[in-house]
Amino acid sequence: MASVSTISSMRARALTIMATRAQDQNLVARVAAEQGIRDRGALLQMKVVPAFGWHPWFSHQLYDDTEAGGGETTYDASGEEGEQKTKHYAAVLSPAPDAEFVASLPTPVSLKVFIEETRRRVREAGTAVIIGEIGLDKAFRLPWAWNPAEHSERDAKLTPGGREGRMLSPHHVRMPHQVRVLKAQLRLAGELGVAVSVHGVQAHGVLFDAMAALWKGHEKEVVSKRKQKMVATGAEDFSSSEEEDDDYSDDEAQDGERRIAGKRYKPKPFPPRVCLHSFSGSPQMLSQYLNPAIPLRPYFSFSTVINLSTAGGESKFPELIRACPDDRLLVESDLHCAGEDMDGFLEDMYRKVCEIKGWSLEEGVERIRKNYEGYVFG
C-alpha cells in the first residue's frame, strides 16, 4: 500500500485494487474513500474501483460457520483457543501441521462474519465495486513461519500477512475448504449484483464446476439454429440473449436490496459477471465459459507477469487471445505495487493484445475500456 500515493500520477485511467486477506480489507476501503469511483459517471474523474474478497492463498484462515456450510464447523469460538486452532488447521490443511506450525498461524476468522463485513463494505462503496480476489489454487503452499531475524528485517512498507520471499512449506489448503470459501463469496456477489474477479491455478475444472453448481437450474434457454429458422420473420425472437435485463426490474427496491442504474436488482445465487483473471487455461476451457446457456457473463483478463512469464505460457498466448471474444477481453498488471512499473506492464500487454487481434493501439484501448466498463457496471 506504500505505492498508493503514485496512483494519481499514473497514465492508467482506472485501477481495480483488490483485497486478499484480513490485513488489507480496511486499507482498500480507505483508498476507495479517497480516490474511489462511486458510479459510472465518475469513471474518468476518479481512478479506483475497490474489490473486497478473501484470496485462496489465505482461505485456511477462515472457518466455515455459514448456513451453507451445513452447521458443522472446524472451529468453536467458545472453546479453548489452542485446541480449536489445532482442530481447524488439521481439518483444512494437508498434510496436517505440527504444533509448532499451528502456533505460527493466526486464530481463524469466522466466514460468516467476513461475509457480513464484505456486504457492508460493498454497499458503502457505491456501484463501482466488485468482489475479489477470490478463487481456487492447487499449486500454492503456505510459507514457513518467520524466524526472528527475518521478521526484524522485513519491509515495513508492505502490508503484513503476505509471503514476502519466505520458503514454502509442504502444507496446502484442502480443495473442499477452498471451494466452500469461494462459493460463499460468489453467493454474496449474486445477492448484491456485483462482478467478481476469480483466481484459478491448476484448478480450472474444479473452478468451473464450483460456479456451475451455483447457476444450476438458472441456465438460459438456447434455441437451436434450426428452430430459429422456423420462426417467421418479425415474430418474437426466443433465441438466447447475452443481455442482463432479466436481472433487473422497475419495481421499488425493498429494504436491504440494491438499486443499480436506477433499477431493482433481483438477487441470484451466482454473480452476474465474472473475470477469470490472468487466465492461464486452454482455449478449450475458455470456450467452455462461452456456452450460451450459462447465465453469467464471463470476461478474461491477461497480464505480462503471469501469461508471458514462461516459455509455455508465451507460446500458447496468441491462440488464447484469438479464442477470446473481442468484447470479453481485459488487460491487467497483476502487480501489488502501483506506479510507473505498473503502467509499463499494462502498456506492454495492451500492445501485445492489439498486435494479435490486428487492432491499432487506439482501437484496442477503446475496446478494452468499454469491456472494463461493462464488466464493472454491467
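The following paragraphs lead through a predicted model of a protein, from its overall make-up to individual residues.

The secondary structure of this protein comes to 13 helices and 14 strands, and of its 378 residues 48% are buried. Among contacts with a separation of 6 or more, 75% are made by residues 24 or more positions apart. The exposed surface amounts to about 18,800 Å², of which carbon and sulfur atoms supply 51%.

The interior can be approached through its nonpolar cores. In soluble globular proteins, nonpolar side chains tend to be buried together. Here the largest nonpolar core has 70 residues, and those with the most contacts inside it are Leu276, Phe302 and Val353; its largest share, 9 residues, comes from helix 6, which spans residues 175-192. Apart from this core lies another, of 15 residues, including Ala42, Tyr299, Tyr375 and Phe377. Leaving aside neighbours within four places in sequence, Leu276 is in contact with Val198, Leu207, Met211, Tyr289, Tyr299, Phe300 and Ser301, so that Tyr299, a member of the other core, appears in this list as well.

Helix 11, residues 311-323, reaches 19 Å from its first C-alpha to its last, close to the 18 Å expected for its 13 residues. A kink of about 40° nevertheless lies at Phe317, shortly before the proline Pro318. Phe317 is also one of the buried residues of this helix, together with Gly313, Leu320 and Ile321. The buried residues of helix 11 pack against helix 9 (283-288), strand 13 (297-302), helix 10 (304-307), strand 14 (329-331) and helix 12 (340-357).

The cysteines can be considered next. A search of the whole structure finds 0 disulfides. Cys275 is in no disulfide, and the nearest cysteine sulfur, that of Cys324, is 9.4 Å away. Cys275 counts as buried because its relative accessibility is 4%, whereas Cys337, at 34%, counts as partly exposed.

Two further residues, Ser59 and Val109, differ in their exposure but have a contact partner in Trp54. Ser59 is found in the loop between strand 2 (48-52) and strand 3 (62-63), and is buried, with a relative accessible area of 1%. Not counting residues up to four places away in sequence, Ser59 touches Trp54, Val173, His177, Gln178 and Val181. Val109 lies in strand 5, residues 109-110, and is partly exposed, with a relative accessible area of 28%. Beyond its neighbours within four places in sequence, Val109 is in contact with Trp54, Gln61, Leu62 and Tyr63.

The backbone geometry deserves attention too. Most residues other than glycine have a negative phi, and most peptide bonds are trans. In this model the peptide bond from Ser94 to Pro95 is cis, with omega near -5°, and Pro95 lies in the loop between strand 4 (93-94) and helix 3 (99-104). A cis peptide bond also joins Gly132 and Glu133, with omega about 5°; Glu133 is found in strand 6, residues 130-137. Positive phi values occur at Gln202, at about 55°, and at Ser278, near 45°, neither of which is a glycine. Gln202 is found in the loop between strand 8 (196-201) and helix 7 (204-215), while Ser278 is found in the loop between strand 12 (273-276) and helix 9. Are these two residues buried or exposed? Gln202 counts as exposed, at 56% relative accessibility, whereas Ser278, at 5%, counts as buried.

Methods
Residues are numbered from 1 along each chain as its sequence is written. This is a predicted model: local features need pLDDT of at least 70, side-chain atom pairs count only at pLDDT 80 or more; totals for chains, interfaces and linings use all residues. Side-chain values use heavy atoms; hydrogens and water are left out. Helices (H or I, at least four residues) and strands (E, at least two) are DSSP runs, numbered from the N terminus. Buried means under 20% relative accessible area, exposed over 50%, partly exposed in between (1.4 Å probe, protein chains only). Contact means heavy atoms within 4.5 Å. Accessible areas come from the Shrake-Rupley method with a 1.4 Å probe; for residues, only the protein chains shown count as cover. The expected span of a helix is 1.5 Å times one less than its number of residues. The bend at a residue is the angle between axes fitted to the seven residues ending there and the seven starting there. A disulfide is a pair of cysteine sulfur atoms within 2.5 Å. A nonpolar core is a set of buried Ala, Val, Leu, Ile, Met, Phe, Trp, Tyr and Cys residues joined through side-chain atoms within 4.5 Å.
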